[in-house]
Amino acid sequence: MSTAILTGPPVAGSPLEGDLRALGFDIRTAQDPASAAELIAAAPAHERIAVVDPRFVGHRHTLRLALTDPRFPAAAVEGALTAQPAARAALDRAATRVPVGAGSAHLTDVLTGTLTDALERADIGLQRIEPGSLVAAVPLTPARREEAQEAVAAVDEEAVRLRSAVKSRDGFFTTHCISPYSRYLARWCARRGLTPNQVTTASLLTALIAAGCAATGTRGGFVAAGALLLLSFVLDCTDGQLARYSLQYSTMGAWLDATFDRAKEYAYYAGLALGAARGGGHDEVWALALGAMILQTCRHVVDFSFNEANHDAAANTSPTAALSDRLDSVGWTVWARRMIVLPIGERWALIAVLTACTTPRIVFSVLLIGCALAACYTTAGRVLRSLTRRARRTDRAARALADLADTGALAELIARPMRGRGRTGSFLAPVMAFLAAAVLLSAVIFEDDPASWLTVGLACCAALLTGAAVARPLKGALDWLVPPFLRAAEYVTILVLAARSGAHGALPAAFGLVAAVAYHHYDAVYRIRGGSGAPPRWLVRAAGGSEGRILVVTVLAALLTPSDLPLALAVLAGALGLLVLVESIRFWVRAAKTGAPAVHDEGEPA
């Protein structure tokens, strides 16, 4: 149990102690600043501790926001602060350094404010909570206390809590068609003790059942699949709203939510392709399914790379960004621009309706067209922003882009003699990455027989260009395009070689291989975004890196007969998937056990 220390005797009639106990705190009362410092030092070092002024007047949810949010090592609101184990040493030092005696009343009268200022100066990641329409006050006179209590009574705390459970930035479909009722489902789950991870798992199982229904290939199965996919999305919204409603953020929950979103969508693609095959179709629907997965994954790589390149850049402004801000002031343009990018809500609604009413071939065709238009819109805007932005990229951003590039031992070997040559910040890196993709894809697409040793030779040339692309720190204006170019080259090479082999089962095996590789790339993104760094280099080298995997696939295509290629791709997919999945699970379970900072997405248009 966490400990809450009141900095003085409780105020008669105050609900403060009851609120703190309801939030899971064991209460200790200090008589003066010196005894408060003693109680702080005596509290178990592995537990959260809160320091609260007994005169505090405010809503219980204000205390919940300030004292129980697991994302922050320390947080404060007027009259209350909290420190998790990572910030306990700073709090202990601050408490022992508060002067007592003559002339120190201004520091000890509101001790929580003095400690909060000290923690902020210590730069340990203190988060000051803005209560908004909720109340947080430390009234020093009876009249002020009565005014604060009237302000508390005037606000519907539960209504505020329900509103805050919904993302501040979400798509049109989610905002207007899902959130108006899913927030109440989140409250229902909270009152019955359900956790966000349980709701996330229920969403995954629902989507997998939907994929199974689609795999039947019958009209009834397709209708059921569309309905279940929408239900899965409702649960997907509910898990995040439950986390915000009850502040049940966690490292494991963030990983499960992000990973399961990808697993649900791509498993559903596979179910549609299986249903088309069972309904009398051929493997070409698998090509459409794989194309949709590749396009969606590359869109995400563009999002992640651009954001990582710019999130901590200095002088991060541009005329394009200014224009975007001006458009945000016009209400209807906000919703139009959010819908154009086809975020997860609009995309899943489109897939569900088309599944129920049409055929898998039409579903994938419309999805490919919509996602392609969305990709052109977002990528063009980001290129314009990058070219007109006077931003200085940081070393951290360059490392993140290098990690997202996912180059292996071969590219490292090629890049080693090139390091230090050329000018950092030029367009050389994206040009080299583009040429690597162009050389490789022109061969596999336009050669009469792409399963040849000529293709292997061109894959070696692409590896040389890849090494040149990552030889220097990726700090250029368009260097964030390097990872998307390399992803497109790898994924499309696998798709085209499998499709042009003509072997039955090659495309489903290629789908599995791309899914395994895509999981590895998503896992790298979630580690970087969570502040844990990229996957270990031994894993990247063992997985071959993008250039190594391309070489392996092209060699297999040249060496084996078309009938043997599906089995080879399936074995490669299984081995690679097992390797990255086991390491990923090990990492995230360990991160959760060791108290890694909880993260939570508040607006990615996935």
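In what order do the six strands of the open sheet stand, and what is the sense of their pairing? In this predicted model, the strands follow one another across the sheet as S2-S1-S3-S6-S5-S7, and their pairing is mixed. Strand S2 (25-29) and strand S7 (126-128) occupy the edges, where each has a single partner strand, so that one side of each is left without a neighbour in the sheet. From one strand to the next, the twist averages 20°. Within this arrangement, strand S5 (residues 74-77) is joined to strand S6 (residues 80-83) by four bridges in the antiparallel sense, and Ala74 has Ala83 of S6 as its bridge partner.

Two helices are next described in relation to the sheet. Helix H2 (residues 33-42) packs on the sheet and touches strand S1 (2-6), S2 and strand S3 (49-52), its direction making about 175° with that of S1. Helix H4 (residues 85-96), in turn, lies across S3, S5 and S6, and runs at about 120° to S6.

A contact between two helices can also be described. Two packed helices are characterised by the angle between their axes together with the distance between those axes. For helix H9 (residues 172-191) and helix H16 (residues 344-357), the axes come within 7 Å and cross at roughly 70°. Because angles of 65 to 115 degrees count as roughly perpendicular, H9 is roughly perpendicular to H16. On the side of H9 the contact is made by Phe172, Phe173 and Thr174, and on the side of H16 by Gly345, Glu346 and Ala349; sorted by class, the residues in this contact are three nonpolar, two polar and one charged.

Conventions: Residues numbered from 1 in each chain as written. Predicted model: local features only at pLDDT ≥ 70, side-chain atom pairs only at ≥ 80, totals over all residues. Heavy atoms only, no water. Pairing = 2+ DSSP bridges. Axes fitted to C-alpha atoms, helices over the stretch in contact; angles between N-to-C directions. Contact = heavy atoms within 4.5 Å. Parallel < 35°, antiparallel > 145°, perpendicular 65-115°, else oblique. Nonpolar A, V, L, I, M, F, W, Y, C, P; charged D, E, K, R; others polar.
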